[in-house]
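Work through the following exercises with the model in front of you, and try each task before you read its solution.

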Amino acid sequence: MGSSADRTEAEFSLERLRAGDRAEFARLVETYSGVIYRLAVKLLANEQDAEDVLQETFIKAYNHLNNFNGRSKLSTWLYRIASNEALMLLRKRKQVPLSIEEPAEFIEGDQEPLQIKDWCCLPEPELMSAEARKYLDKALEDLPPSMRVVFLLREIEGLSTRETSEILELSESAVKTRLSRARMRLRDLLTSYYGEKLEAHTEHAQKERVIEGGRQ
Amino acid sequence: MIDQETCHSLLDSLSDYVDGALGDELCAEIERHLEDCNDCRIVVDSLRKTIYLYHETTTPPVVPDDVRDRLFRRLDLEEFLQR
């Protein structure tokens, strides 16, 4: 951990931040607002809520800089504040706490049955069409927040298992389990979506063959 | 639908497998199984593709100008707003 703390100190002066240096804080906001906003938008699927989380994150950071111990990276600390704010908002929005905090057996329990369709061969423009991108977002929204936040931190923000576990205050093995379940669930959702596209493709190809055959 | 015992016992390891984060022994066991099991091969391929698609469609971390303006105003940092 020594090296990440050194890196933080190299990037930002904790001393100046704690002394209330506005320019240094503005630099911090400039550096991290992009990733914090992206995380909030993807977690909440709502731009107004994401903006609230963005603002709250930096207000809290400013007010609590003295509590930041410097052992983790500043970015880890900011991600932690933002994740907590966003998850709290989601909890409020649903007003049913159990639907947010997945029961342990749901996360740790057996895998669900899997759909098997080989959609990987679909052409890239189809895999990445505007409609498909919307579906990718929708599939992500369908994940329980406890899985979604792990997937976003690991895959979209590109953070390590270690960093993600620090941000969410989970064990590294819990992060791995949630990531695995999130990926498998998304794979299943994507298989439903692209599987239909694949069938349409195959039917189209068969019709073409029938027409070709008829012509001969 | 997969329901064979071996397939099921390996499913939880596939995420680590595609990351190359498994121990040699388990990794070899999965590779042996994949040679014989078409269904599991499809699961691994589509799992890799799923992760790839999310990586490829990730947008850059940009804050829209109006959101950024309001953020800097809220934090009383307007003097540092640069375009």
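Helices (DSSP runs of H or I, at least four residues) and strands (runs of E, at least two) are numbered from the N terminus. This is a predicted model, in which local features need pLDDT of at least 70 and side-chain atom pairs count only at pLDDT 80 or more, while totals for chains, interfaces and linings use all residues. Residues are numbered from 1 along each chain as its sequence is written, and chains are lettered from A and ligands numbered from 1 in the order in which they are written.

**Exercise 1. Describe the secondary structure of chain A and how much of the chain is buried.**

Solution. Begin with the elements: chain A has twelve helices and zero strands. Next, take burial, where a residue is buried if 20 or more other C-beta atoms, placed from the backbone, lie within 10 Å of its own, exposed if 12 or fewer, and partly exposed in between. Of the 216 residues in chain A, 34% are buried.

**Exercise 2. Find how H11(A) sits in the structure, and examine the residue that follows H11(A).**

Solution. Start with helix H11 of chain A, residues 161-168, which is largely enclosed by the rest of the structure because six of its eight residues are buried. These buried residues are A:Thr161, A:Glu163, A:Thr164, A:Glu166, A:Ile167 and A:Leu168. Then move on to A:Glu169, which follows H11(A) and has a positive phi, near 50°. To judge this value, recall that most residues other than glycine have a negative phi. A:Glu169 lies in the loop between H11 and H12 of chain A, and it counts as exposed because it has 10 C-beta neighbours inside 10 Å.

**Exercise 3. Locate B:Asp76 and state its phi and its exposure.**

Solution. B:Asp76 is in the segment after helix H5 (65-74) of chain B, and its phi is near 60°, a positive value in a residue other than glycine. Counting neighbours gives 12 C-beta atoms inside 10 Å, so B:Asp76 is classed as exposed.

**Exercise 4. Work out the packing of H4(A) against H5(A).**

Solution. First find the geometry: helix H4 (residues 47-63) of chain A and helix H5 (residues 74-94) of chain A pack at an angle of about 135°, with their axes 9 Å apart. Axes here are lines fitted to C-alpha atoms, for helices over the stretch in contact, and angles run from 0 to 180 degrees between N-to-C directions. Angles under 35 degrees count as roughly parallel, over 145 as roughly antiparallel, 65 to 115 as roughly perpendicular and the rest as oblique. H4(A) and H5(A) are therefore oblique to each other. Finally, consider the residues in contact, a term that requires C-beta atoms, placed from the backbone, to lie within 7 Å. H4(A) contributes residues including A:Val53 and A:Ala61, while H5(A) contributes residues including A:Leu78 and A:Leu89.

**Exercise 5. Describe the contact between the two domains of chain A.**

Solution. The domain bounds, which come from an automatic or database domain assignment, give domain 1 (1-97) and domain 2 (110-216) of chain A. Their contact takes twelve residues from domain 1 and 13 residues from domain 2 of chain A. On the side of domain 1 that touches domain 2, helix H3 (22-44) and H5 of chain A each supply at least two residues, and H5(A) gives the most, with six residues.
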